[in-house]
Amino acid sequence: PEGGPTEVWRRPIGEGFSGLSIANSRVFTMYSTESDEFVVGLDAVDGREVWKRRTGARYTQTYGNGPLSTPTVDGDRVYAVGASVSMTAASVDTGAVLCRTRFQEDCVSEIPQWGFAGSPIVDGDRVITLVGGTPDAKVVAFHRETGDEVWRALSSVAAGAGVAQPTIIDAGGVRQLIICHPLAVSALNPETGEVYREQPFEVDYNMTVATPVHR
């Protein structure tokens, strides 16, 4: 309307760069307080907090604090990657923690310079996310329900995982998982992690920020 859209509700939350995921009349996002990071489920109608769950310790750095990824919703589960600790799978309805993967312990991963930022992507029974672990665990697929590792791929020795969002495309007659990392753009089989091809594309400071677009 001429006077602008009518505000329905607003709600303050903590720090962070997380976006919003909206599904089944819920709004999901992440934020941090002075000591912790959380994933939260809000009522989309009135903004009230339905539940919140701690995902890890607060992440701080020179260029901004708090979580950087956006929760991924798949059916009855929401997957949230904290900036420094782990990936948490929680119930969409109650926020109950269903499983949790700790990158540092499970995949020998170091916290990236900018924190974990790429949101997880769900493909069938797999949840695929950037980890930057060793050996050869720049990107890892975990089982959707158990959190067990399904496959891992790409070395993290020369450079970390970066912060770009993984995507899946159909091209060349096959489905391809596209990973834009600090050394190359890599195309993998999303079911097995097999590398189809790689195009060298080096960037400074692990700053692979933009999401690759398929056209």
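Strands S2 and S3 pair in the antiparallel sense, with 7 bridges between them. This is a predicted model, and the S2–S3 pairing is a good place to begin reading it. One contact to look for here is Met30, whose bridge partner in S3 is Val39.

S3, which covers residues 36-43, also pairs with S4: again the two run antiparallel, joined by 7 bridges. Gly41 has Trp51 as its bridge partner in S4. S3 and S4 form a hairpin, and 5 residues lie between them. In that turn, Gly47 has a positive phi of about 80 degrees.

Put these strands together and you have an open sheet of 4 strands in the order S1-S2-S3-S4, paired antiparallel. Strand S1 (21-23) and S4 each have a single partner strand, so they stand at the edges with one side left without a neighbour in the sheet. From one strand to the next, the twist averages 20 degrees.

Now for the aromatic residues, where the structure holds 2 aromatic pairs. One of them is formed by Phe28 and Trp51: their ring centres are 6.1 Å apart and their planes meet at 45 degrees, so this pair is tilted. Phe28 sits in strand S2 (residues 26-32) and Trp51 in strand S4 (residues 49-57), so the pair links parts of the chain that are distant, 23 residues apart. Trp51 is thus a residue to visit twice, as it is also the bridge partner of Gly41. Next along the chain, Lys52 lies over the face of Phe38, 4.6 Å from the ring centre.

Both members of the tilted pair are buried: Phe28 has a relative accessibility of 0% and Trp51 one of 4%. The table sets them beside two cysteines.

| Residue | Relative accessibility | Class |
|---|---|---|
| Phe28 | 0% | buried |
| Trp51 | 4% | buried |
| Cys99 | 14% | buried |
| Cys180 | 12% | buried |

What about disulfides? The structure holds 0 of them. Cys99, at 14% relative accessibility, nevertheless counts as buried, and Cys180 does too, at 12%.

Further along the chain there is another open sheet, with 4 strands in the order S13-S14-S15-S16 and antiparallel pairing. Its edges are strand S13 (167-171) and strand S16 (195-200); each has a single partner strand, so one side of each is left without a neighbour in the sheet. Neighbouring strands here are turned by 25 degrees against each other on average, direction ignored.

Within this sheet, strand S15 (residues 184-188) runs antiparallel to S16, and 5 bridges join the two. To find your way at this contact, look for Ala184, which stands opposite Pro200 in S16.

Finally, step back to view the whole chain. Its secondary structure comes to 1 helix and 16 strands. The radius of gyration is 17 Å, close to the 17 Å that the globule rule gives for 215 residues, so the chain is as compact as a globular protein of that length. Along its principal axes, the C-alpha trace spans about 50 × 40 × 35 Å. Of the 215 residues, 48% count as buried, with Phe28 and Trp51 among them.

Note on methods:
Residues numbered from 1 in each chain as written. Predicted model: local features only at pLDDT ≥ 70, side-chain atom pairs only at ≥ 80, totals over all residues. Heavy atoms only, no water. Pairing = 2+ DSSP bridges. Axes fitted to C-alpha atoms, helices over the stretch in contact; angles between N-to-C directions. Phe/Tyr/Trp six-rings, centres within 6.5 Å; stacked < 30°, edge-to-face > 60°. Buried < 20%, exposed > 50% of the residue type's maximum accessible area, 1.4 Å probe, protein only. Lys NZ or Arg CZ within 6 Å of the ring centre and 35° of its normal. Disulfide = S-S within 2.5 Å. Rg over C-alpha atoms; globule rule 2.2 N^0.38 Å.
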